[in-house]
Amino acid sequence: MAVLTSSPKSTRYKADPSVLTALRSPRLLTREVLAGLVVAMALIPEAISFSIIAGVDPRVGLFSSFVMAVSIAFLGGRPAMITAATGAIALVIAPVAREYGMDYFIATVILAGVFQVVLGVLGVAKVMRFIPRSVMVGFVNALAILIFMAQLPHLLGVPFMVYPLVAVGLLIMVVMPRLTKIVPAPLVAIVLLTVVVVVTAINVPTVGDQGELPKSLPELFIPNVPLTWDTFTIIAPYAIAMALVGLLESLMTAKLVDEITDTHSRKTREAWGQGVANMLSGIFGGMGGCAMIGQTMINVKASGARTRISTFLAGVFLLILVVGLGDLVAIIPMAALVAVMIIVAVLTFDWHSIRWSTLKRMPKSETTVMVATVVVVVLTHNLAIGVIVGVLVAMVAFARRVAHFVNVERTLPEGEPVPTAFYTVTGELFFASSNDLTTQFEYADDPDRIVIDMTRSHIWDASTVAALDAITNKYERHGKRVILVGLNDASTLIHTRLAGNLGGE
């Protein structure tokens, strides 16, 4: 007979492979280095576009991606996860740059990092256990849809030659992994398509068309804002929103990578690590960010990376590419990067979740939660809002489902010394299920002695205690006596503490 035992934390969170193991293995090290290079290339147009969304110079997004990727490689709790400037963060704090200027913008980023550190230390990562699987599936599917939708502007109203280039890139990434996985297929696609475009002088959009690349290293940026309560009241709401959105996306991404790699991550460490990375990003003039699921999927799923080396090198290569090799990077055709992101979208989507066989077996409430999450995320383009709505829908669905499981059975056994009505209550009793409890008793027709057997039930909240009080009071008004039996220890504790102290009848 198999015996399941819990692993010690030191073993549970042990990286596999470790950084040291990767450094000792030429094969693993090559994989990590090439993965970091591919991610760095994919980060460039993303960082530029997110900077535009935030209303700041493209250098702000690029420097933020460099600082955060390098920082989280040391501070984060999830190896191989990519953290950089993101669209969700850009949307949250864009009004600050537009209405108050760059100094307030950077101050907001730094304060958001402080909030994240505090939330991380307070254990906010533990709330991840309350996110149902159906929300997680919806989150992943919505992300895949958003990644694909983000490529549409690069596929509409563009020169015709973009389409065959994208098709060739997709073909390379589908066929090559079947032949060899030594070199990441996305890297091969990017290099080959770039060579083709340069050699044939095809006129198609390139990375350089997305925005100007920086020519210098990031410098310290101390925001020139008054340290007053007025300043705090201006930036705090945006900083809190940024902190919560960033943590939610990062922790959800960490959970996703845990499932893909079949390993565990330190969520609390990831939470405060994100905060420190955002603070460092702000200090160096960056816009802040959080975990990037698209780039993380490139790193983990498409390129096979597993250690912090790939995350660190993604940041290092990004800086080298945009500062030292900017002219070379600028000629990379956007078609190559679009092909990579389309493959990422396809690999990210949980196709099993929408198969007819799966939908037939899955409870309707679970499917509803997944669809609600997807719809809200796609409509708002905000993963955090979608996850929150999904969790709320799941809570309502769960409460409705559990509420129907409560059953009350009445018996009038013969031969009792005193005529007695026996009621057996079965199910979980809380606010949703106990509201109708008072309607399931025969107050006028029952004999003078009533026994309510709670052996098969459990009291969870004050609403249930109040319902039991109401039942007892109604019987007493009829001159009848109620006896509660079979309460478990937890139910006895809450009933003893609250019974008769909740007002009502």
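In this tour a residue is called buried when its relative accessible area is under 20%, exposed when that area is over 50%, and partly exposed in between (1.4 Å probe, protein chains only). The model is predicted, so local features need pLDDT of at least 70 and side-chain atom pairs count only at pLDDT 80 or more, while totals for chains, interfaces and linings use all residues. Residues are numbered from 1 along each chain as its sequence is written, and side-chain values use heavy atoms, with hydrogens and water left out.

**The sheet**

Begin with strands 3 to 6, which form an open sheet of 4 strands in the order 3-4-5-6 with mixed pairing; strands (E, at least two residues) and helices (H or I, at least four) are DSSP runs numbered from the N terminus, and two strands pair if DSSP finds at least two bridges between them. Select strand 3 (407-411) and strand 6 (481-485) at the edges, where each has a single partner strand, so one side of each is left without a neighbour in the sheet. From one strand to the next the twist averages 20°. Next, select strand 5 (residues 449-459), which runs parallel to strand 6 and is joined to it by 5 bridges; Arg 449 has Arg 481 in strand 6 as its bridge partner.

**The helices across it**

Now add helix 20 (residues 462-477), which lies across strand 4 (420-429), strand 5 and strand 6 and runs at about 175° to strand 5; axes are lines fitted to C-alpha atoms, for helices over the stretch in contact, and angles run from 0 to 180 degrees between N-to-C directions. Helix 21 (residues 489-498) lies across strand 5 and strand 6, at about 115° to strand 5. The two helices, 20 and 21, pack at an angle of about 65° with their axes 10 Å apart, and their contact (heavy atoms within 4.5 Å) is made by Ala 462, Val 465, Leu 468 and Asp 469 of helix 20 with Ile 494, His 495 and Leu 498 of helix 21.

**Salt bridges**

Finally, select Arg 410 and Asp 446, whose closest N and O atoms are 2.7 Å apart in a salt bridge, that is, a side-chain nitrogen of Lys or Arg within 4 Å of a carboxyl oxygen of Asp or Glu. Arg 410 lies in strand 3 and Asp 446 in the loop between helix 19 (431-434) and strand 5, so the pair ties together parts 36 residues apart in sequence. Arg 410 is partly exposed, at 35% relative accessible area, whereas Asp 446, at 4%, counts as buried.
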